[in-house]
Amino acid sequence: MNLESRVLEPSVAEQLADAVYEIGRDQLTKGCYQWALQWLDRAHDILASQIPEELSADSSEVQSCIMHTTIRVLLKTRDEESISRAWNIYHELEGKTKNELMLSLLKLELLGADQFAVQDYYQALDGVVRQIHLSDVNLTMILHHVHELRRRNARLAHAVLAVLLSEKVLIMDQIAWVERTLVTIIWNCTTSPGLSTMTDMLEELLDTIVVKTDTALSTSATHAAQIVRVSLRAYVCSCNGSGSLADQAPS
């Protein structure tokens with residue numbers, strides 16, 4: 001298929017690029033990665049052949065979508081050449097979009113497909129946690145990445161979980177999210193051999209929750225915070241042999 005986009009009017013080129021992009025995205029959802037890549041490359045070439053100043057403001061969003069989806073396709077193959085190209089596109093995309101959440105999510109995927117640097121992975125995941133709107137799907141995604149980080153550094157995984165609990169989960173009216181996050185925190189602290197100061201870390205998190213509870217939270221959020229306080233206090237006491245759940249129950 002020969003797309004003579006150089007002779008197209010800018011508005012027509014934008015419409016054509018968008019249509020070709022949608023074909024590429026559809027091929028991705030069907031698992032036809034080579035076809036998806038070909039269509040996405042064509043969409044990119046259509047816009048790249050135009051004079052940037054003659055394109056509309058919406059074309060930047062289309063270009064970002066094309067680049068984003070191309071990275072996702074390249075990551076499906078996971079060969080060295082594809083990952084290298086995906087990183088190149090990512091760095092180009094950094095200069096084209098101000099969507100920090102999208103960039104952080106993409107960086108997590110790229111780092112996960114490569115031999116990632118632990119600190120880079122932590123920083124990207126921390127950024128996602130602080131920016132993302134929580135939902136069941138997003139919480140599952142975050143906890144998946146926490147598991148990936150924990151394999152390399154359990155202490156940094158705990159740091160992400162502490163932010164997730166104190167900055168996001170406790171202010172939401174979702175007890176199930178509190179339970180999932182709390183179970184993951186305790187699991188990480190009790191099964192990670194490198195966390196010799198595990199009880200200290202839980203105590204520190206408990207102090208953070210106390211502060212959060214004293215702020216203007218909703219009734220259900222305050223109740224969730226109390227649940228976490230009681231659960232963590234009971235667990236810390238069982239580790240230290242210093243008390244019981246009844247002794248530490250909130251007033």
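Me: Helices (H or I, at least four residues) and strands (E, at least two) are DSSP runs, numbered from the N terminus. In what order do the elements of this protein run?

Reply: Starting at the N terminus, they go α-α-α-α-α-α-α-α-α-α-α. That is 11 helices and zero strands. This is a predicted model, where local features need pLDDT of at least 70 and side-chain atom pairs 80 or more, while totals for chains, interfaces and linings use all residues. Residues are numbered from 1 along each chain as its sequence is written, and side-chain values use heavy atoms, without hydrogens or water.

Me: Thanks! How much of the protein is buried?

Reply: Out of 251 residues, 42% count as buried (under 20% relative accessible area, 1.4 Å probe, protein chains only).

Me: And how many of the contacts join residues far along the sequence, at least 24 apart?

Reply: Taking contacts (heavy atoms within 4.5 Å) between residues at least 6 apart in sequence, 64% join residues at least 24 apart.

Me: Changing topic: what span does helix H6 reach?

Reply: H6 covers residues 118-131, which makes 14 residues. From first C-alpha to last it reaches 20 Å, close to the 20 Å expected at 1.5 Å a residue (times one less than the number of residues).

Me: Which residues of H6 are buried?

Reply: They are Val118, Tyr121, Tyr122, Ala124, Leu125, Asp126, Gly127, Val128 and Val129.

Me: Nice, and what covers them?

Reply: The cover over the buried residues of H6 includes three helices: H5 (100-113), H7 (136-150) and H8 (154-168).

Definitions and conventions: Buried means under 20% relative accessible area, exposed over 50%, partly exposed in between (1.4 Å probe, protein chains only).
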